[in-house]
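Trainee: Could we go through this chain together, with the reasoning behind each label spelled out?

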Amino acid sequence: MNNNADLSTPVRAIIADDHPLVLLAIENLMLGYSDMRIVGRAADATELFREVERIPCDLVLMDLYMPGGFYGDGLEAIRQFKVRYPDVALVILTMETEAAALKKVIALGVNGLISKRDRIDLIHVAVVTALARECYLGPAVRAMIADATVAQRLDFVRQMLSRRELEVFTYYASGLGVTEIAARLGRSVKTISAQKCTAMRKLALRSDAEIFRFAVEHGVISEDRLQNRR
């Protein structure tokens, strides 16, 4: 709720989505909470801005990609909304799966971003967090951003190491010794040892502990795989 509102006053919310069934589902969910009151509905960005001008509200819950009309759609609509209504908490719903696009939404200062793949009851969690002027990211959004970050780190490792160095590095980080790796790959122990040392030098790693930590953080091996070798 906004800072000037009485805590006993229901939160005034406007919901916006161009899919009628989604709009109905969100409305039915929010009507189940005694501290929420739907004061407006919109099916596109133009209608949303008109509704916010028509009636005061504390919160807007909107789809990321609606028909834009005069205000554009997606990022541009959010950008204009934040400029015109900085005191209104803004939660975005989306089917977007590209981490780069999700990060752009977050960078615009929204108060919540939740995937339509998440459980619908998490919308209320997002709303409560947004009204406290914090940013809520749904589980699917967090996972997509985290996965993309790991993928970018793994790309860095692949650029730094040759194919054979990466192969040796991966086996070693997985818990195999130099002799075992040599036997598995059909190379000499001396060659495997040299490739391991070269990989460590290129990645600025100085110990086995650093190798294992780096391998997990950069997606070379999974954390579960590291746990299994202990």
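Here is a talk about the labels and the values behind them.

Mentor: Ground rules before we start: this is a predicted model, where local features need pLDDT of at least 70, side-chain atom pairs count only at pLDDT 80 or more, and totals for chains, interfaces and linings use all residues. Residues are numbered from 1 along each chain as its sequence is written, and side-chain values use heavy atoms, with hydrogens and water left out.

Trainee: Fine. How many helices and strands does the chain have, and what makes a helix or a strand here?

Mentor: The chain comes to eleven helices and six strands. They are DSSP runs numbered from the N terminus: H or I of at least four residues for helices, E of at least two for strands.

Trainee: What is the radius of gyration of the chain, set against a compact globule?

Mentor: The chain has 25 Å, while a compact globule of 230 residues would have a value near 17 Å. That radius is taken over C-alpha atoms, and the globule rule is 2.2 Å times the number of residues to the power 0.38. The C-alpha trace spans about 75 × 35 × 30 Å along its principal axes.

Trainee: On to residues. Why is Gln195 called buried?

Mentor: Buried means under 20% relative accessible area, exposed over 50%, and partly exposed in between (1.4 Å probe, protein chains only). Gln195 has 14% relative accessibility, so Gln195 counts as buried. Of the 230 residues of the chain, 47% get that label.

Trainee: Where does Gln195 lie, and what is Gln195 in contact with?

Mentor: Gln195 lies in helix α9, residues 189-202. Leaving aside neighbours within four places in sequence, Gln195 is in contact (heavy atoms within 4.5 Å) with Arg164, Glu165, Val168 and Arg187.

Trainee: Now the rings. What makes two rings a pair, and how many aromatic pairs are there?

Mentor: Rings of Phe, Tyr and Trp (its six-membered ring) pair if their centres lie within 6.5 Å; planes under 30 degrees apart count as stacked, over 60 as edge-to-face and the rest as tilted. The count comes to five aromatic pairs. One of them is Phe49 with Phe81, at 5.9 Å centre to centre and 80° between the planes, an edge-to-face pair. Phe49 sits in helix α2 (residues 45-54) and Phe81 in helix α3 (residues 75-84), 32 residues apart.

Trainee: Why do Phe49 and Phe81 count as buried?

Mentor: Phe49 has a relative accessible area of 2%, so Phe49 is buried. Phe81 is at 0%, so Phe81 is buried as well.

Trainee: And why is the pair of Phe49 and Tyr85 called tilted?

Mentor: Their ring centres are 5.9 Å apart and their planes are at 55°, so the pair is tilted. Phe49 is in helix α2 and Tyr85 in the loop between α3 and β4 (89-94), so this pair ties together parts 36 residues apart in sequence. Ring pairs link Phe49, Phe81 and Tyr85 into a cluster.

Trainee: How do you know that Lys196 lies over the face of Tyr172?

Mentor: The rule wants NZ of Lys or CZ of Arg within 6 Å of the ring centre and within 35 degrees of the ring normal. Lys196 is over the face of Tyr172, at 4.7 Å from the ring centre.

Trainee: Last, why is Arg133 called partly exposed, and Ala204 exposed?

Mentor: Arg133 has 36% relative accessibility, so Arg133 is partly exposed. Ala204 has a relative accessible area of 58%, so Ala204 is exposed. Arg133 is in the loop between α5 (122-131) and β6 (136-137), and has a positive phi of about 65° although it is not a glycine. Ala204 is in the loop between α9 and α10 (208-217), with a positive phi near 60°.
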